[in-house]
Each structure stands twice: as structure tokens, then as C-alpha cells.
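Colleague: Could you walk me through this one? I'd like to ask a few questions and hear how you reason your way to each answer.

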Amino acid sequence: MKVLIVDDEPPARDRLRQLLDESGEHEIVGEAGNGREALEVAARTGPDVVLLDIEMPRMDGYELTRHIRRSDRLKDIPLIMITSRTGEKHRRYAMGLGRDR
């Protein structure tokens, strides 16, 4: 499975990469530090799934989700938001935008 990791914190990206590498079942096709960069990488690499943070500069995870869901090419890619925001309000908002997990 081809994975795109999107998080503005390098240590968080490193940890996700380590977890995915340990599983041996995933190919990391790209990493991005913000939503704008992620859109470019996703268009270029065609990931099977995107792991993304909510709070990022330039374009946050919510806005990135909206862009991906509006894209004919990317709209069916599963999106998994990884965040410390666990409140029901954040969960409902993300689900309403089209995130998968």
C-alpha cells in the first residue's frame, strides 16, 4: 500500500515512517509538511492512503481534506487524520469533510 504522510512536525513524520517501515506492508511514497505541499505530492505519487495532521501551516488538514475530496483524481483516497484533538466536535467536523478515520 502506497502511503503519503502529512505532518508539519518532523519528529511526528519520523515516528509514522518508523511504524510503517516496521510493518513491512507499506511503501511511503511521499511526505509533506503542510497541505499545499501534500496536494502536489499526492498528484505526483498517487497514494493509496493519506495519513494527515489537522494543525499545519499554509493549509491545515481540514482544508486539505476539502481539496482532496473535490479532486476527480484524488477524491477516493482514504484519509486518516492523526491528531491530539480527540473532542467530538473535531471528529464530527472531520467526518463531515470526508475523512475516513
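Colleague: Let's start with Arg-17 and Glu-31: how far apart are the closest N and O atoms in their salt bridge?

Modeller: Keep in mind that this is a predicted model. Arg-17 sits in helix 1 and Glu-31 in strand 2, so their pairing ties together parts 14 residues apart in sequence. To count as a salt bridge, the nitrogen has to be within 4 Å of the carboxyl oxygen. For Arg-17 and Glu-31, the closest N and O atoms are apart by 2.6 Å.

Colleague: Which other residue forms a salt bridge with Glu-31?

Modeller: Look again for a link between helix 1 and strand 2, this time with partners 18 residues apart. The closest N and O atoms of this pair are 3.5 Å apart. The partner in helix 1 is Arg-13.

Colleague: Is Arg-13 buried or exposed?

Modeller: The cut-off you need is that buried means under 20% relative accessible area. Arg-13 has 16% relative accessibility, so the label for Arg-13 is buried.

Colleague: And what about Glu-31, how much relative accessible area does that one have?

Modeller: Buried stops at 20% and exposed starts over 50%, with partly exposed in between. Glu-31 falls in that middle class, because its relative accessible area is 24%.

Colleague: Which residue meets Asp-14 in a salt bridge?

Modeller: The two are three residues apart in helix 1, so about one helical turn separates them. Their side chains meet at 2.8 Å, N to O. Asp-14 is partly exposed at 38% relative accessibility, and its partner is partly exposed too, at 28%. That partner is Arg-17.

Colleague: How many salt bridges does the structure hold?

Modeller: Let's list them: Arg-13 with Glu-31, Asp-14 with Arg-17, and Arg-17 with Glu-31. Arg-13, Asp-14, Arg-17 and Glu-31 are linked in a network this way. The number of salt bridges in the structure is three.

Colleague: Now helix 1 itself: within what arc do its buried residues fall?

Modeller: The buried ones are Arg-13, Leu-16 and Leu-20, while Pro-11 and Glu-22 are exposed on the other side. Looking down the axis, you'd see the buried residues line one face of the helix, because they fall within an arc of 65°.

Colleague: What do those buried residues of helix 1 pack against?

Modeller: Contact here means heavy atoms within 4.5 Å. With that in mind, the buried residues of helix 1 pack against strand 1, strand 2 and strand 3.

Colleague: Which residue follows helix 1?

Modeller: Helix 1 covers residues 10-23 and reaches 20 Å from its first C-alpha to its last. The residue that follows has a positive phi, near 70°. That residue is Gly-24.

Colleague: Where is the other residue with a phi near 70°, Arg-58?

Modeller: Its phi is positive even though Arg-58 isn't a glycine. Arg-58 is exposed, with a relative accessible area of 57%. Its place is in the loop between strand 3 and helix 3.

Colleague: Asp-53 lies in that loop between strand 3 and helix 3 as well, so is Asp-53 buried or exposed?

Modeller: Check what's around it: not counting residues up to four places away in sequence, Asp-53 touches Val-6, Asp-7, Asp-8, Gly-61, Ile-82 and Thr-83. Its relative accessible area is 11%, so Asp-53 is buried.

Colleague: On strand 3, which residues point the other way from Val-49 and Leu-51?

Modeller: Four bridges join strand 3 to strand 1, and three join strand 3 to strand 4; both pairings run parallel. Leu-52 stands opposite Val-6 and has Met-81 as its bridge partner in strand 4. Val-49 and Leu-51 point one way, and pointing the other way are Val-50 and Leu-52.

Colleague: Last one: how many residues are in the largest nonpolar core?

Modeller: Among the members that touch the most others are Leu-4, Val-6, Leu-52 and Leu-64. Strand 1, helix 2, strand 3, helix 3 and strand 4 each give two or more residues to this core. Another core, of six residues, lies apart from it and includes Leu-16 and Leu-51. The number of residues in the largest core is 18.

How values were computed. Residues numbered from 1 in each chain as written. Predicted model: local features only at pLDDT ≥ 70, side-chain atom pairs only at ≥ 80, totals over all residues. Heavy atoms only, no water. Expected span 1.5 Å × (residues − 1). Buried < 20%, exposed > 50% of the residue type's maximum accessible area, 1.4 Å probe, protein only. Arc of directions from axis to C-beta. Core = buried A, V, L, I, M, F, W, Y, C linked by side-chain atoms within 4.5 Å. Pairing = 2+ DSSP bridges.
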